[in-house]
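Trainee: I am new to this structure. Please take me through one part of it closely, the place where the ligand sits.

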Amino acid sequence: MTVRSGASHLFIPGPTNVPEAVRRAMNVPMEDHRAPDFGELTLPLFEDLKQVLGLVGGRVFLYPGSGTAAWEAAISNTLDPGDKVLMSRFGQFSHLWADMAERFGLEVICVDVEWGKGVPIQDYEYILSKERDIKAVFATHNETATGVTSDIAAVRRAMDTAESDALLYVDGVSSIASIDFQQEAWGVDLAVTGSQKGLMLPAGLAVLGVSDKALDASKTAAMPRCYFDFADMIKTNDAGYFPYTPPLPLLHGMRASLDLLFAEGLPQVFERHHRLAEGVRRGVHALGLELRARGPEWYSDTVTAIDVPEHVDGTEVCKIGYHRYRTSFGAGLTKVAGKVFRIGHLGDLNEVSCLAALAAAEMSLADAGADIELGAGVAAAQEYYRKANARLAA
Ligand SMILES: *Cc1c(COP(=O)(O)O)cnc(C)c1O
């Protein structure tokens, strides 16, 4: 391997860049996870995560695992095998969640949607009004494969209009802590995320926000479960302990990461993500390229998936970015492999980081054969960032 100077650049939608303060906080000697004062570290984490989720009642569970573990914990604790559930599929992550539900023996009604759009609210309302025995409604808040954000408040309204008493499950893995999320106000019963996206940590902690209604459902749910069982968690969590050994450095990192988020202010964090994303989108459009998101109502503030021109291979764009410019972009997954590449812009980033992403994307695109004007995307984003920051300073 050749030795090269300077930093590598990470613009994938997870794992995201870990701030220096968080990295340092994780460098701790191992300690006793049954120590009498262990709760001083963990109990405030549970409380603070509720604030990040916008959860008032209910409780938060932390599992050693990635976001996928929280998907599984949500399903296995609250449903019976054979239960009818409503899902939609419009990207690799919503696809995988539906696949998991099928593997757990649920009867899945899955609405297939074009990759580039999101949760089909009207279809949900119609299906819920016809199929009265649907026990669970699933929605992927931010489809990371296509850069599409869906309206979860509208999903709740559709459920209410159809007078559905199903539980609402939301995948917020690439939205929570970056895009506004209101678990209580939106009536989300199970909110799923992982540590390596908006929370700016390495992978390894699965986070699950659970409403009181979902906690009640878990008391009678018949799905087999063991490692993820809410009941075991509750028994130990109340005093700040876990039923098994938690990843201690990650818990210290999470303390530091939450401190950073609260110091900036959650509304300010969401505003920053919107501002950075808007600059990236303007840059992409200035290059004459289109987003995979099929309209502004679907635009994601954490990841932008860009349709590459017909004769250009999106996977090649990523390879060139990585090898020539030490910059990682997200490649297109499965159905959109080669057709898109993705710029992840969530977590510990600022305007200049995003300008670097655009600059590297322009070079990689041009090298891969795209007919674009070098600098046009960067210039458009610069214009936008200058104006947006002047407004902030005023
Ligand atoms: C990253 C991601 C996941 C999967 O998370 P892992 O932590 O890799 O298990 C699930 N859903 C969405 C929307 C994601 O972005």
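Mentor: What follows is a walk around the ligand, then a brief look at two loops. Keep in mind that this is a predicted model.

Start with the neighbours. The shell around the ligand consists of S66, G67, T68, W71, F93, N142, T144, D171, V173, S174, Q196 and K197. Sort them by class and you get three nonpolar, seven polar and two charged residues. Which helix gives the most to this shell? Helix α3, spanning residues 67-78, does, with three residues.

Now look at single contacts. Take G67 first. One of its backbone N or O atoms lies 2.8 Å from an oxygen atom of the ligand. T68 uses its side chain: an N or O atom there is 2.5 Å from a ligand oxygen. K197 also takes part. A polar atom of the K197 side chain lies 2.6 Å from an oxygen atom of the ligand. How much of the ligand does the protein bury? Taken alone, the ligand exposes 380 Å², and the protein buries 88% of that.

Next, the space itself. The ligand takes up the second largest pocket. The volume of that pocket is about 170 Å³. It is lined by 14 residues, and G67, T68, F93, V173 and K197 are the closest to its centre. Three of these names are familiar from the contacts: G67, T68 and K197. F93 and V173 belong to the shell around the ligand as well.

Which elements give two or more residues to the lining? They are α3 and α4, the latter covering 92-103. Helix α3 gives the most here, with three residues. That helix also gives the most to the shell around the ligand. By class, the pocket lining divides into four nonpolar, eight polar and two charged residues.

Last, two spots in loops. Most residues other than glycine have a negative phi, and most peptide bonds are trans. Look at P15 first. The peptide bond from G14 to P15 is cis, with omega near 0°. P15 sits in the loop between β1 (9-11) and α1 (20-25). Then find E163. This residue is not a glycine, yet its phi is positive, at about 50°. Its place is the loop between α6 (152-161) and β8 (167-171).

Note on methods
Residues numbered from 1 in each chain as written. Predicted model: local features only at pLDDT ≥ 70, side-chain atom pairs only at ≥ 80, totals over all residues. Heavy atoms only, no water. Near = heavy atom within 4 Å. Polar contact = N/O pair within 3.5 Å; in protein donor to acceptor, adjacent residues only side chain to side chain. Areas by Shrake-Rupley, 256 points an atom, 1.4 Å probe, with all protein chains shown as cover. 1 Å grid on protein atoms, 1.4 Å probe; cavity = no way out; pocket = protein on both sides within 12 Å on 5 of 7 lines; lining within 4 Å. Sits in = over half its atoms within 2 Å of the grid points. Helix = DSSP H or I, 4+ residues; strand = E, 2+ residues; numbered from the N terminus. Nonpolar A, V, L, I, M, F, W, Y, C, P; charged D, E, K, R; others polar. Points joined across faces, edges and corners; volume = space filled by probe spheres on them.
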